[in-house]
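Got your viewer open? Here is a short walk through one model, stop by stop, with something to select at each.

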Amino acid sequence: MEHKSQSFNAIDLTKFICAFWVIVIHVEPFGPDPSGVSSFFSLLTEHYLARLAVPFFFITSGFLLFYKMSPDSFSMERPIRYAKRIFRIYLIWSVIYIPLAVRKLLREEDGSPLKLLVIYLRNFIFKGSHTQLWYLPALIFAVLLVSVLLMLKIKPIAILVGSAIFYIIGLFGQSWFGFVEPLEEHVPGIWSVLEHIMSVIVTTRDGLFDGFFFVAAGMCFAFCEIRIEKKKAQIGLVISMILLFVEAFLLEYFDIQKERNMYLFLMPASVLIFALIYRVNLKDKPIYKTLRVLSALIFYLHMWVDFFVRRFLELWSRELADSVLRFLLVAIGSVLLALLLYKMSEYEKLKWMKKIYA
């Protein structure tokens, strides 16, 4: 049976908070090379707490997409419509970020304009057209993959188990990279194959190895009527968060990470956070709709805000441009700009602006 319409205000509030955690990841409040106490706080924020944000976005997207549907009479119509909308938003923001994307490409890659165009197109498909925008093609892929599997009558729990396997495989291209690195010396044949695969997909932070699991988790919350007793969920979350910190600390200590986006214990921690949040009932207020829009706009536009804030602070000193002040200005600036864009889109003649977030 389909679920009755209801609001999820606690989810909207949590997404707004998560948008700031995404800024923490990209802006680095304690600088690119923190040391001493700053190094600990960098680990605690950038590589631990902030990593919960994107999984929560994925789970929420999966849940909200599927909760009005039924696995018994499943249709691809709603997921395809959803994927088209996300792709349209991805195209718009990709165009907005072309100047920064080209600037970054010229700094990191050498070659002819044709080669750089090919690299950009590869990134557009597999890696994301710019830093934070990877989430959108990953979400599209994960949603369509889960939907196709449901159309094939594969049970939701089986999809979740399969997605977990892909996630664990993806860890070896991310935070667990050090465990497979010895293959380069000891099994060069396998290493060569893996290198060729990675030269195409660039990263395992994508829709198959990352987003698939969390979107599938959201789908299971929608279809399987998952109810975890509050106290058990809280205890499980505390244990998961402790283990996640230990994992992040040890991987950082032994310096075996290639990227810091995926961790094993993000899986239970993110799922349990969502289990606790999505059943919280907050009285309907207009602020929650505003927060829902702001969280999306902050996510999309904060890298442009950071670009201008960094240039402004560099006029005084390099140290200032890598300080907590930069993070505060980006956070405040992103909120104010997001609010301005949202309010502008509410005017009749500017309703076309809604296309950048809805």
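What follows is a tour of a pocket, a core, and a handful of single residues. Keep in mind that this is a predicted model.

**Stop 1: the second largest pocket**

Start by selecting Lys15, Leu64, Tyr82, Arg85 and Arg292. Out of 34 lining residues, these five are the closest to the centre of the second largest pocket. The volume of this pocket comes to about 1000 Å³.

Now colour the helices around the pocket. At least two lining residues come from each of H1 (9-27), H3 (53-66), H4 (77-96), H7 (135-151) and H14 (286-314). Which helix supplies the largest share of the lining? That would be H14, with seven residues. If you colour the lining by class, you should get 19 nonpolar, 10 charged and five polar residues.

**Stop 2: the largest nonpolar core**

Keep H14 on screen and select Phe58, Phe63, Phe66, Trp93, Tyr135, Val146 and Leu297. The largest nonpolar core has 113 residues, and these seven touch the most other members. H14 is again the one to look at, as it gives the most to this core, 16 residues.

Zoom in on Trp93 next. Setting aside residues within four places in sequence, Trp93 is in contact with Leu133, Leu297, Tyr300, Leu301 and Ile356. Leu297 is thus on two of your lists: it is among the core residues that touch the most other members, and it is a contact of Trp93.

**Stop 3: the loop between H10 and H11**

Move to the loop that links helix H10 (188-201) to helix H11 (207-223), where you can pick out Thr203. Is Thr203 buried or exposed? Its relative accessible area is 2%, so Thr203 counts as buried. Show its side chain: one of its polar atoms sits 3.0 Å from the backbone nitrogen of Arg205. Beyond four places in sequence, Thr203 touches Lys127, Gln174, Met198 and Glu259.

Step back to Val202, which is also in the loop between H10 and H11. Val202 has 18% relative accessibility, and because the cut-off for buried is under 20%, this residue counts as buried. Check its backbone too: phi of Val202 is near 70°, a positive value. Why flag that? Because most residues other than glycine have a negative phi.

**Stop 4: Asp255**

For another positive phi, select Asp255, where the angle is near 50°. Asp255 belongs to the loop between helix H12 (230-253) and helix H13 (266-277). With 61% relative accessibility, Asp255 counts as exposed, whereas Val202 counts as buried.

**Stop 5: Ile239, and a long distance to draw**

Go back into H12 and select Ile239. Ile239 has a relative accessible area of 45%, which makes it partly exposed. Draw a C-alpha to C-alpha line from Ile239 to Ala321: the two are 37 Å apart in space and 82 residues apart in sequence.

**Stop 6: Met353**

Finish in the segment after helix H16 (324-345), where Met353 has its place. Met353 is buried, at 7% relative accessible area. Which residues does Met353 touch, leaving out those up to four places away in sequence? Select Leu341, Met344 and Ser345 to see them. For a last distance, join the C-alpha atoms of Met353 and Tyr342: they are 8.2 Å apart, with the two positions 11 residues apart along the chain as the separation.

How values were computed: Residues numbered from 1 in each chain as written. Predicted model: local features only at pLDDT ≥ 70, side-chain atom pairs only at ≥ 80, totals over all residues. Heavy atoms only, no water. 1 Å grid on protein atoms, 1.4 Å probe; cavity = no way out; pocket = protein on both sides within 12 Å on 5 of 7 lines; lining within 4 Å. Points joined across faces, edges and corners; volume = space filled by probe spheres on them. Helix = DSSP H or I, 4+ residues; strand = E, 2+ residues; numbered from the N terminus. Nonpolar A, V, L, I, M, F, W, Y, C, P; charged D, E, K, R; others polar. Buried < 20%, exposed > 50% of the residue type's maximum accessible area, 1.4 Å probe, protein only. Polar contact = N/O pair within 3.5 Å; in protein donor to acceptor, adjacent residues only side chain to side chain. Contact = heavy atoms within 4.5 Å. Core = buried A, V, L, I, M, F, W, Y, C linked by side-chain atoms within 4.5 Å.
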